[in-house]
Amino acid sequence: MNCHRSLALLTVVMLTACARQTPEQQIVHDAAAALGGVERLQAVSTVVIEGEGTQYNLGQDVVPNASGQMFAMTEYKRAIDVAGERARTELVRVPKFTYWQGLAAQRQIQGIDKAIGYNVAPSGTASRIGQAAADDRRAELLRYPITAVRAALDPAARLTNLRVEDGQSLVEVLTSDGRAFTLAVDEATKLPTRVATAANHVNLGDVVVSTAFAEYQNVDGVQLPARLTTRTDDFTTGEVRVTRQAVDTDTGDLAAPAAAASAAVPAPQPPTVTVEEVSRGVWLLAGGSHHSALIEFADHLLLIDAPQNDARALAVIAKARELRPGKPVTHVVNSHHHFDHSGGIRAAVAEGLTVITHQGNAAFIEDIVKRPHTRVPDALAKNPKPLKIETVSDEKVITDGTMTVHLYPAPGEHSETMLMAYLPRERALVVIDLYEPGEGVHMFAARFLEDLEKRNLRVDRIVPLHGKIVPYAQLVKDATAAPAS
Ligand SMILES: [Zn+2]
Ligand SMILES: [Zn+2]
């Protein structure tokens, strides 16, 4: 064989190889080349990212869809063991708004070791997290250029659905172990611009969580982004601004701490609902972190708050029916839009309850009820019902002669779309989040008391939906001791 002929043969082989590459594979290989080449990429063992950033308060801001509340993130450090599928993030976050837990800095350590998710408390105690949260962290491992492109380069990965949107080529990737993500690559630079994964969110149902990459810089022959922005659907949840990063550096031990690795996956416990009679026809349904109040009218029952999730809300509704069999639970007052207090609204709708909420939450509740929950079908997805909603913009009096409830808007730093309930005959005030008797920090108590005094309500007892029932005097005491907000 002469030299000329072998060169021709080689060309044929190369052409065949190229012809076999699908357009999706081409995009992935272009991305790998732009990041530093397939070989360099495959050789990366670890990445350590340090910097600062911002976290936003999805579902907990002052009004639905607001994004003004933020935590400044400092001492951010994320260490990734690329091949080992392990990562650990350490950070300090400082609330830059009137946060109910107070304004002190909070140190967090969160890790993932393949399927095991864990947190390490400031005391050093490690605990395993639930499987859904661990799965989300495992998905987060893929929302990074190096890990995503490496996963897509795996010959066992399935690449489909190439399309172009806004100057980016998008490819769907299904890894050999069944994890799916969307890889977006800049048409001009061929660098990954975004990785998106689908997830279930208790409140929002089917969501897309994405991390966008910008400001690439060369680190030891690998292009790494210096700015990472994470979103849940269109809501920005966090930004990281990298100040220093390194590849193939010592990460320390990223294995899950023994206490977490040997622990069973915490499974959701069936909710406990306790019953405490406040007065005739008024009960506090507690037993967990988030309570509800139940109020009896002549021919129906009204619930205040369907918090947390399906399980809690359904258990509370079942307890109400058990307390007064034959009297339908017809209404639920949604105290405010915060995810932890509206997480059971879909279940309440599925049970046929009419939702009463502040006018400023109407669009939010309508959206929540409409959203698809196909990944993890919830009570409403399994039993669809139309939303019945009544809104409150000023004081609303609900009475049938036997029972009277006043609903007041109680706007403030915690939520602008908050309702509180006053029972004039019982001289009881049902309050949510503005005052939590028993907590060490009362960020909103002083303002709450001030607003209350302006209203000239005669209140003997505070019935809080966190904490224990206390006399009015306790509020006065705690409000006086509360830090100025
Ligand atoms: Zn709240
Ligand atoms: Zn709360």
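Which protein donors hold the zinc ion (ligand 1)? Here are some notes on that and on a few other parts of the structure, which is a predicted model.

1. **The first zinc site.** The zinc ion (ligand 1) has as its protein donors His 336 through NE2, His 338 through ND1, His 414 through NE2 and Asp 433 through OD, and they lie 2.1 Å from the ion. Along the chain these donors follow the spacing H-x1-H-x75-H-x18-D. Two of them show how the site links distant parts of the chain: His 336 sits in the loop between strand S18 (329-333) and helix H8 (339-342), while His 414 sits in the loop between strand S22 (404-409) and strand S23 (419-423), 78 residues apart. Both are shielded: His 336 is buried at a relative accessible area of 0%, and His 414 counts as buried at 7%.

2. **Its geometry.** If you plan to assign a coordination label, please look at the angles. The 4 donor atoms around the zinc ion (ligand 1) subtend angles of 86 to 174°. Four donors count as tetrahedral if all angles lie between 85 and 135 degrees, and the range found here makes the arrangement irregular.

3. **The second zinc site.** The zinc ion (ligand 2) is coordinated at 2.0 to 2.7 Å by NE2 of His 341, by Asp 433 (OD) listed twice, and by NE2 of His 466. The angles among these 4 donor atoms run from 54 to 141°, and this site is irregular. The donor residues are spaced H-x91-D-x32-H in sequence. Here again distant parts of the chain are linked, with His 341 in helix H8 and Asp 433 in the loop between strand S24 (428-431) and helix H12 (445-455), 92 residues apart. His 341 is buried with a relative accessible area of 0%, and Asp 433 counts as buried at 6%.

4. **The bridge between the metals.** What joins the two sites? Asp 433 bridges the zinc ion (ligand 2) and the zinc ion (ligand 1), and the two ions lie 4.3 Å apart.

5. **Aromatic pairs.** The count comes to 5 aromatic pairs. In one of them, the rings of Tyr 99 and Trp 100 have centres 6.1 Å apart and planes at 55°, so this pair is tilted. Tyr 99 is buried, at 10% relative accessible area, whereas Trp 100 counts as partly exposed at 35%. Phe 339 and Phe 364, on the other hand, form a stacked pair, with 6.4 Å from centre to centre and 20° between the planes. Phe 339 belongs to helix H8 and Phe 364 to helix H10 (residues 362-370), so the pair ties together parts 25 residues apart in sequence. Phe 339 is buried at 9%, and Phe 364 counts as buried at 10%.

6. **A cluster and a charge.** Tyr 99 and Trp 100 also belong to one aromatic cluster together with Phe 71 and Phe 97. Over the face of Phe 71 lies Arg 93, at 3.6 Å from the ring centre.

7. **The sheet.** An open sheet of 6 strands runs in the order S21-S22-S23-S24-S25-S26, with mixed pairing. Strand S21 (396-399) and strand S26 (470-471) stand at the edges with a single partner strand each, so one side of each has no neighbour in the sheet. S22 and S23 pair in the antiparallel sense over 4 bridges, and Tyr 408 stands opposite Met 420 in S23.

8. **Around S24.** S23 and S24 run antiparallel and are joined by 3 bridges, with Leu 423 having Ala 428 in S24 as its bridge partner. These two strands form a hairpin with 4 residues between them, and Arg 427 in the turn has a positive phi of about 50°. With strand S25 (residues 461-464), S24 runs parallel through 4 bridges; Leu 429 has Ile 462 in S25 as its bridge partner. The chain crosses from S24 through H12 to S25 in a right-handed β-α-β crossover. As for side chains, Ala 428 and Val 430 point one way from S24 and Leu 429 and Val 431 the other way, and all are buried.

Conventions:
Residues numbered from 1 in each chain as written. Chains lettered and ligands numbered in written order. Predicted model: local features only at pLDDT ≥ 70, side-chain atom pairs only at ≥ 80, totals over all residues. Heavy atoms only, no water. Donors = N, O, S within 2.8 Å, 3.2 Å for Na, K, Ca; no water. Tetrahedral: all angles 85-135°; square planar, octahedral: opposite > 155°, others 65-115°. Buried < 20%, exposed > 50% of the residue type's maximum accessible area, 1.4 Å probe, protein only. Phe/Tyr/Trp six-rings, centres within 6.5 Å; stacked < 30°, edge-to-face > 60°. Lys NZ or Arg CZ within 6 Å of the ring centre and 35° of its normal. Pairing = 2+ DSSP bridges. Right-handed = clockwise from strand over helix to strand, strands pointing away.
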